[in-house]
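Trainee: I should like to work through the interfaces of this assembly with you. May we begin once the structure is displayed?

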Amino acid sequence: MRVWVYFAVFAALVLMTVLELVVFGMPLPRLIIDMSIVGLAGGKALLIALFFQHLAYEPKSLSSFALLGIGGVVAFLILSVYSIIGIAFG
Amino acid sequence: MDSHQLPPSYSIKRWLLTTNHKDVGILYLVTSLYFLILGGVLALIFRLQLAQPGLNILSPPAFNQAVTIHGLVMVLFVVSPLAFALANYVVPLQIGARDLAFPRLNALSYWLYLFGGLLVMISFFQDRTLDVGWTLYQPLTSVFSPYVGVNTGGLGLALLTASVTVSTVNFVVTIFRSRAKGLRLTALPMFTVGVLLTVLMMLYAFPALLAGIILLASDRILGTVYFTSPQGGAILWDHIFWFFGHPEVYIVLFPALGVFGDILVTFSRRPLFARRIIIAAMVVVATLSFLVWGHHMFLTGMHPDVRRAFTVTTIAISLPFDAIILSFIYTLAKARIELKTPMLFVLGSIAIFIIGGITGVFLGSIALDYVLRGTYFVVAHFHYTMAGGALVGLIAGVYYWYPKMTGRMFSEKLGRIHFILTMIGFNTLYFPFFLSWEMPRRVPIYVESLVPLQQIATVGGFIFGASFLVMFWNLLYSLRYGEPAGSNPWGAHTLEWMTESPPPPHNFDGTPTFVDGKLSFIAANGAAHGEPETHLSRWPFMLSLASFLALLGLTTHLLVSVVGVGLLAFSVLGLAGERFISREEDLGERWPFERVDRMKLAWWTFISSEVVLFGVILSAYVYVRTASSTWPAPGTLLDIGHGAVNTFILLTSSLTVVLALASSRMGSRTCTAGFLAATLGLGILFLFNKYNEWSELFSHGITFSSGLPASTFFLTTGIHGAHVFAGLLALGYLFARALKGAYVGKGHETLEYFGYYWHFVDIVWVFIFPLFYLV
Amino acid sequence: MVATTVDIFTSLWSIFSTLGVLVGVVVMAYMVYLIVRNRAKPEGPEPEDAPKPGELPREQKGAKKLLISVILSASIVLTLISLTFIALDNLDRPPAGAMEVKVIAFQWGWKFIYPNGYESIGELRIPRGTPVKLYVTSQDVFHNMGIISLRLKVDAIPGKTNIAWTRVYETGVYDIRCFELCGDGHGVMIGKLVVMDPEEFNSWYSSLQVS
């Protein structure tokens, strides 16, 4: 594991965070801004997992448990939020 | 004390300190049967109440407490732990391991379970224990049941989820890493297959429960408004609880399915019918189990698309079950069926489960569920599955492995009497429930026309209860006077029967292997193994006792908590510093984790449970935002500056952690300690910044209870901050050791493992920052 | 007469229970038959493929037999599910011209608000033969409003309004009960639905003094 990779990843993370803040201030439709920001966050998470947690260098099977967990959470998020779309509370 | 030798079985020290999987299995067995008596007696009391409408044996609050604790205890403290009693004892034997991968963690699971149960029992003696139904519906639990005992009981459940998480990690690593050579995953005995799928479901289901309990506790104690405001409220809880609750049904059931598989083969003298299809069907059920929870909420008025989707998944899950049960039945064709006690219980349990399964299809139909919801039909259905399928199935397992555990045969005659009483009692108790389908659950008052059915049920309840006395007598009497069992009294083919009964502490003389497709033992080479393995540790007990005190103090006297926290710190250090020898099997089948050592696998399994914990907490945030018609624009409630600064701090701290790791690999003690110190500093800075941010909010009068935007922010960042804090404590320990030269040259894996945790906490923040501050 | 909630439920219930009992009896009879026929006799030999100690597990081949069985049960289940969706469609579509009543559940009772603003607690009066549409909510905790003899049930959730409907062709008094544990008074949270002769109802309804 070369140390420069760590610095490169760190630079990318900082850059992407700055990018999040830049996108936040841009005169774009709300939806596009939100999607890009969350997309950037996903990218940052992936970089950390692959290079700081070294999943890029591990057997793929090691990532499987976390991926299954993410799958479960995504199912939970989509179905629970979808279930109340268009419903008024209060 | 020589910690390599187990004290004799009459010594109390042995049972407090043991880490051997067979001892822990016995502890689980005895404790779960004790809780069975507790839950059963509660049930008999309210069955008496129900013998006549208007009886006053239990006051309405007492009635609610009795049904609630009956449900919680039976599901969480009886059936699952009974399954884990068998799993603890049998799984390592079935896969040819000497013990579980982490013996001390195994003892820890047990003690956390016991102390969790103690908290629940203590809550009885406070003002009121949980009285809100085992499903803890909202907002009844969050505000309308303001009793201290409800908090204590809830904390007991939290301790139980900790126990479950620890044992999940342990079993996952053990089954993947400690199998005898040649024992591929598909060649595992059915019981181990059942347990493996069970722990995988637990891994993702229980963190959801923990998330729910955290939100609930925060509502009750700190005053957040997750469940008191309609935008979260009843429906958010339903989603979280049943996302845990439906998989939990299969978590309870799957070990019993495994028991069915093993016993059927042994007593029908035939291989299992379509074994691989059964396993595939079980994998399908385990996966689908996370996609069906909505059928518990059909009447809450959810979006029609979602309701339709849940109907389809719910009905679809019955098909793999068809395949499983029919395969079990087809196994009996051309068989030579020996109707011994374990087999009788399996066949009876399958018959009962068929009724439970068919009535489950009724409840999957929304149109019928519109009427059956909340009635005795539901009660009948889940007792036919969970009591008849799971509990009675596990009783079959207790009889089956009793000779292995004790070296003695039980009385076959008493076993048969128990079986007959069980069948009569069970059906007399629960079948009238189907016929009482017009009666609401959990009410002490009902219409006159149902009196005969309810009285029959009460009589059945006492027969069912008495049947267990026969079992207890049989098991105790035979312990002393039973015929010697020999190693393989049933003529079974699986590995646990290929050693003495009870097995020696190291399980097998020699290392079992299936390399040639058939069992052989490689002679043990004692000298090469070096020091004998350790089987005793005082820390699991101490750590659990400490957690128990820390939580108990929260609802009694804070001084107790202070003692608890102190003892906790002492025990964690004790555990970390203890010299405990537990070697991995030299020859093991490890697919698909051949190149992953067991600590690494354990850490990733644990992190996966954390993924679900934070995933559910963040999903709850997205959910309440979707449900709310207004939400403060970014930058109005929260200062983006604080969030951005903290993002940079945490990202930098992740860099310093990997640099510490790189330094330790390169052999620089100074750099290792230096980068760890930098991380420590950054973490403290993060928390300091967080503290400032919170104080600013408080000074503007924004508190936990200032609406959902504030509640979700404080709770989510609070739980994240607690994780950072825990990380800092670990960092302090690592730093102190690094100063003395640890991790340099060897042992740098520890820093890698710590990194997994720290980077994960960083990843969570990477999502919290945009979701709370920018979007 | 137009279908009522009772008719919809009863027809579906009878199909489910007929098929359910049939499947249950067939499967269990087959199981008992196998057990009785194949129980071990002392002189009986071991099956040829009996598992031997220390062996890896084998399996009986039977994918085809299993496939047929599962296809069979899949077809039953698919029939049931389509019937369910048809019934659901009817349940979700209240008939036109319904009288609309707001129901507010509370610990521990029921409050009804009629279209003219009249409020009553514990008793809901409706005319025979007219469809009634209920807008159900709760002012405190999660309740469930059930009139079991009319096969009607709807969750009463604070902050959310759920809709149910019914139409009753016989005058009489029906119990309204709570079907979700809601605290100490859950068991006594009982209300009455009074179905009246339309003329009687009209004279009562028009005599109401609404403030």
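Trainee: How many residues of chain B are in contact with chain A?
Mentor: Please bear in mind that this is a predicted model. On the side of chain A, 51 residues take part in the contact. On the side of chain B, the number is 66 residues.

Trainee: How much area do chain B and chain A bury between them?
Mentor: The size of an interface is often given as the accessible area lost when the parts come together. Carbon and sulfur atoms account for 80% of the area buried here. Trp604(B), Leu655(B) and Leu774(B) supply 12% of what chain B buries against chain A, more than any other three residues. The total for chain B and chain A is about 5,100 Å².

Trainee: Which residue of chain A forms a salt bridge with Lys600(B)?
Mentor: Across the interface of chain B and chain A, 1 salt bridge is found. The closest N and O atoms of that pair are 2.7 Å apart, within the 4 Å cut-off. The partner of Lys600(B) is Glu58(A).

Trainee: How many charged residues does the side of chain B that touches chain A have?
Mentor: Between the two chains there are 10 residue pairs in polar contact, both residues being at pLDDT 80 or more. Elements giving two or more residues to this side of chain B include α18 (598-627), α19 (640-666) and α22 (749-774). The residues of this side comprise 46 nonpolar and 14 polar ones, and the number of charged residues is 6.

Trainee: Is Leu140(B) buried or exposed?
Mentor: Leu140(B) is found in the loop between α4 (103-123) and α5 of chain B. Leu140(B) touches residues of chain C, among them Gln107(C), Val141(C) and Leu181(C), as well as Val132(B) and Ser145(B). Because its relative accessibility is 3%, against a limit of under 20%, Leu140(B) counts as buried.

Trainee: Which element gives the most residues to the side of domain 1 of chain C that touches domain 2 of chain C?
Mentor: The C-alpha centres of these two domains lie 35 Å apart, and the area buried between them is about 490 Å². In domain 1 of chain C, Thr5(C), Val6(C) and Phe9(C) together supply 77% of what that side buries. The rule finds 0 salt bridges between the domains, while 3 residue pairs are in polar contact, both residues being at pLDDT 80 or more. Both α1 (5-38) and α2 (63-92) of chain C give two or more residues to this side, and the element that gives the most, with 4 residues, is α1(C).

Technical notes:
Residues are numbered from 1 along each chain as its sequence is written. Chains are lettered from A and ligands numbered from 1 in the order in which they are written. This is a predicted model: local features need pLDDT of at least 70, side-chain atom pairs count only at pLDDT 80 or more; totals for chains, interfaces and linings use all residues. Side-chain values use heavy atoms; hydrogens and water are left out. Contact means heavy atoms within 4.5 Å. Buried area is the accessible area (1.4 Å probe) that two parts lose on being put together, summed over both. A salt bridge is a side-chain nitrogen of Lys or Arg within 4 Å of a carboxyl oxygen of Asp or Glu. A polar contact is a pair of N or O atoms within 3.5 Å; within protein, one must be able to donate a hydrogen and the other to accept it, and residues adjacent in sequence count only if both atoms are side-chain atoms. Ala, Val, Leu, Ile, Met, Phe, Trp, Tyr, Cys and Pro count as nonpolar, Asp, Glu, Lys and Arg as charged, and the others, Gly among them, as polar. Buried means under 20% relative accessible area, exposed over 50%, partly exposed in between (1.4 Å probe, protein chains only). Domain bounds come from an automatic or database domain assignment. Lists of a residue's contacts leave out its neighbours within four places in sequence.
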